[in-house]
Amino acid sequence: MDMQSDFDRLLFFEHARKTAETTYATDPLDAENLTRWAGALLELSQFQSVSESKKMISDAISKLEEALEVNPQKHDAIWCLGNAYTSHGFLNPDEDEAKIFFDKAAQCFQQAVDADPENELYQKSFEVSSKTSELHAQIHKQGPLQQAMGPGPSTTTSSTKGAKKKKSSDLKYDVFGWVILAVGLVAWIGFAKSNMPPPAHPLPR
């Protein structure tokens, strides 16, 4: 994805976050707004440092928990919570601690599937949740997380290292790329319902 697309997405979701914050001030029990707010925070967390990303993801989790207190059957919020737990797990270098988040995510995805069995997004999320621990190990084995979460694998003069990184990168984008796309989709749909203008560029695929 190019820099202009990144910038457009950043502006769009920052505007969405502020709009949701304003709406919350007048109607704190709007579960739909809380879910949109969390979706915006999860998107914005991708543009931050690891420490700031963790704060935003934790804030998103808090918003989703509020939404589910208002409406415990809101399956899109449950699903989005699963994505938040998944993202938080990836940012935690400790494998055991990360697994706690991944297990919570899998439970959320299962609940979402149970609530809406025909939803392909929920089905795919539950399917890829089984790969998160493997992906986590590969990402943190490669080095600093910030590098692993970048736009692509770094170039190397060693063809052997390149081949290994490509295999790991393929898995990374199979799972982590899906999480990002999934979060973007739920946020996109939510904002469309609220008649917010879409960004000039489509979400990355």
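A residue is called buried when its relative accessible area is under 20%, exposed when that area is over 50%, and partly exposed in between, as judged with a 1.4 Å probe and the protein chains only. Helices are DSSP runs of H or I with at least four residues, strands are DSSP runs of E with at least two, and both are numbered from the N terminus. The structure shown is a predicted model, in which local features need pLDDT of at least 70 and side-chain atom pairs count only at pLDDT 80 or more, while totals for chains, interfaces and linings use all residues. Residues are numbered from 1 along each chain as its sequence is written, and side-chain values use heavy atoms, with hydrogens and water left out.

The protein chain contains 9 helices and 0 strands, and its pattern along the sequence is α-α-α-α-α-α-α-α-α. Of its 205 residues, 42% are buried. The accessible surface, computed by the Shrake-Rupley method with a 1.4 Å probe, is about 10,700 Å² for the protein chain, and carbon and sulfur atoms hold 55% of it. A contact means heavy atoms within 4.5 Å. Among contacts in the protein chain with a separation of 6 or more, 66% join residues 24 or more positions apart.

The interior may be considered next. A nonpolar core is a set of buried Ala, Val, Leu, Ile, Met, Phe, Trp, Tyr and Cys residues joined through side-chain atoms within 4.5 Å. The largest such core has 28 residues, of which Leu42, Ile57, Ile61, Leu64, Leu81, Ala84 and Tyr85 touch the most other members. Two or more residues come from each of helix H2 (31-45), helix H3 (50-70), helix H4 (75-91) and helix H5 (95-115). The greatest contribution, 8 residues, is that of H4. Apart from this core lies another, of 6 residues, including Phe12, Phe13, Ala40 and Leu44.

Helix H4 deserves a closer look. Of its 17 residues, 16 are buried, so H4 is largely enclosed by the rest of the structure. The expected span of a helix is 1.5 Å times one less than its number of residues. For the 17 residues of H4 this gives 24 Å, which agrees with the 25 Å between its end C-alpha atoms. Beyond its neighbours within four places in sequence, tyrosine 85 is in contact with Ile61, Glu65, Phe101, Lys104, Ala105 and Cys108.

Individual residues in other helices illustrate the degrees of burial. Threonine 35 lies in helix H2 and is buried, with a relative accessible area of 5%. Neighbours within four places aside, threonine 35 is in contact with Leu64, Ala67, Lys74, Asp76 and Ala77. Aspartate 59, in helix H3, has a relative accessible area of 30% and is therefore partly exposed. The C-alpha atoms of aspartate 59 and leucine 41 are 7.6 Å apart, although 18 residues separate them in sequence. Histidine 15 belongs to helix H1 (residues 3-26) and is partly exposed, at 44% relative accessibility. From histidine 15 to alanine 40, 25 residues apart in sequence, the C-alpha distance is 8.9 Å.

Further along the chain, helix H6 (residues 120-128) has Tyr122, Ser125 and Val128 buried. These residues lie on the same side of H6, because they cover an arc of only 135 degrees around the axis; the arc is that of the directions from the helix axis to the C-beta atoms. An α-helix has 3.6 residues a turn, so residues three or four places apart point the same way. At the N-terminal end of H6, asparagine 119 acts as a cap, with a side-chain oxygen 2.9 Å from the backbone nitrogen of leucine 121.

Serine 130 lies in the loop between H6 and helix H7 (132-142). At 61% relative accessibility, serine 130 is exposed. A polar atom of its side chain lies 2.9 Å from the backbone oxygen of glutamate 127. Serine 130 and aspartate 103 are 27 residues apart along the chain, with 9.3 Å between their C-alpha atoms. In H7 itself, the buried residues are Thr132, Leu135, His136 and Ile139. They line one face of H7, because they fall within an arc of 105 degrees when seen down its axis.

Key
A polar contact is a pair of N or O atoms within 3.5 Å; within protein, one must be able to donate a hydrogen and the other to accept it, and residues adjacent in sequence count only if both atoms are side-chain atoms.
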